[in-house]
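User: I'd like to go through the ligand site and the pockets here. Can you pull up the structure?

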Amino acid sequence: VSIDDEITAHYELGQEKDRLTGGRGRLEALRTRELLARWLPPAPAVVLDVGGAAGIHALPLARQGYRVHLLDPVPLHIEQARQLDTGTLRSAEVGDARMLPYADAGADAVLLLGPLYHLTERADRLAALREARRVLRPGGVVVAAGISRWASTFDLVDGGLLSDAWFADVVAHDVATGIHLNPGRRAGFFSTAYFHRPEDLVAEVAEAGLEPDGPVAVEGVGGFAPDIDAVLDDDVLRERLLAAVRATEREPALLGASSHLLVAGTVPGN
Ligand SMILES: C[S@@+](CC[C@H](N)C(=O)[O-])C[C@H]1O[C@@H](n2cnc3c(N)ncnc32)[C@H](O)[C@@H]1O
């Protein structure tokens with residue numbers, strides 16, 4: 001099993017370590033942690049962070065007392081995670097979501113926060129979900145992330161990119177096909193990916209034999225806040241924004257308006 005070399009080349013730029021530290025990425029990280037806290041069993045549960053990059057979620061979870069194993073196909077991410085780690089991770093290794101190096105039924109939770117949107121073939125996404133199911137105990141939970149079909153459309157209209165004809169073409173392709181490409185591998189833009197309709201992400205989790213809960217909006221309506229860093233820096237405004245996001249996080253009419261979506265899937269039987 002090997003991943004698309006365009007995806008590897010994108011992540012070898014090394015930007016993933018800092019992606020969630022400002023702007024909408026900061027809201028994505030805050031909300032992802034909030035949703036993980038709801039879905040994960042308590043520490044010291046065994047958590048496999050598959051596609052966990054440089055440990056943005058794995059390291060804080062390990063510090064909370066979870067027994068965390070990190071897996072990612074990009075060697076640079078694993079090197080970065082090892083450098084950032086202070087001995088808290090149980091393991092950190094190179095690997096692919098479709099073929100996990102873990103035993104059957106040994107984990108309490110699997111995070112798939114990345115692999116599903118980098119696998120453009122539905123059969124590959126289902127293979128990753130079935131692998132997660134295999135390594136989980138009965139009652140264990142997968143938390144799977146998708147990118148909304150319209151995420152790049154929001155970037156087009158909101159990110160000062162309307163004058164960029166190349167990006168407008170990329171977005172038109174995303175909306176028409178769900179397959180996001182970066183022709184010419186332009187730096188600063190995302191790599192090959194699949195952008196889900198919310199209902200398709202849930203259907204894939206169910207088809208893999210997991211009991212789905214969601215989708216839940218990650219940034220949700222909060223992604224539309226102007227000057228999001230100023231909002232997140234202010235205790236009152238941040239809580240007001242998060243309350244607005246929570247109040248609408250499962251509203252079907254708004255789900256596709258969230259750049260990222262999460263679905264939890266529980267292994268039947270307990
Ligand atoms: C945008 S990053 C997200 C990282 C982190 N999980 C987070 O939530 O911020 C997507 C990650 O998925 C990883 N990835 C891509 N294809 C994968 C595959 N087939 N199996 C496992 N991970 C994969 C990439 O290497 C990258 O680290």
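User: Which residues come nearest to the ligand?
Analyst: Tyr11, Gly51, Asp72, Ala97 and Leu113 come nearest, out of 22 residues around the ligand. A residue counts as near if one of its heavy atoms lies within 4 Å of the molecule. This is a predicted model, where local features need pLDDT of at least 70 and side-chain atom pairs count only at pLDDT 80 or more, while totals for chains, interfaces and linings use all residues. Residues are numbered from 1 along each chain as its sequence is written, and side-chain values use heavy atoms, with hydrogens and water left out.

User: How do those 22 residues divide?
Analyst: The shell has 12 nonpolar, six polar and four charged residues. Ala, Val, Leu, Ile, Met, Phe, Trp, Tyr, Cys and Pro count as nonpolar, Asp, Glu, Lys and Arg as charged, and the others, Gly among them, as polar.

User: Which element gives the most to the shell?
Analyst: Helix 5, residues 115-118, with three residues. Helices (H or I, at least four residues) and strands (E, at least two) are DSSP runs, numbered from the N terminus.

User: What is 2.6 Å from a ligand nitrogen?
Analyst: A polar backbone atom of leucine 113. A backbone N or O atom of glycine 51 lies 2.8 Å from a ligand nitrogen, and a side-chain N or O atom of aspartate 96 is 3.4 Å from one. The cut-off for a polar contact is a pair of N or O atoms within 3.5 Å.

User: And how much of the ligand is buried?
Analyst: The protein buries 98% of the 590 Å² that the ligand exposes when taken alone. Areas come from the Shrake-Rupley method with a 1.4 Å probe.

User: Which pocket does the ligand sit in?
Analyst: The second largest, meaning that more than half of its atoms lie within 2 Å of the grid points. A pocket, on a 1 Å grid over the protein atoms alone, is an open set of points with protein on both sides within 12 Å along at least five of seven lines, and lining residues have an atom within 4 Å of a point.

User: What's its volume, and what lines it?
Analyst: About 560 Å³ of space lies in the second largest pocket. Of its 39 lining residues, Gly51, Gly114, Pro115, Tyr117 and His118 are closest to the centre. Helix 5 supplies the largest share, three residues.

User: Switching to the largest pocket: how much space lies there?
Analyst: About 790 Å³. Among the residues closest to its centre are Arg19, Asp155 and Phe189. Helix 7 gives four residues, the largest share of the lining.

How values were computed: Polar contact = N/O pair within 3.5 Å; in protein donor to acceptor, adjacent residues only side chain to side chain. 1 Å grid on protein atoms, 1.4 Å probe; cavity = no way out; pocket = protein on both sides within 12 Å on 5 of 7 lines; lining within 4 Å. Points joined across faces, edges and corners; volume = space filled by probe spheres on them.
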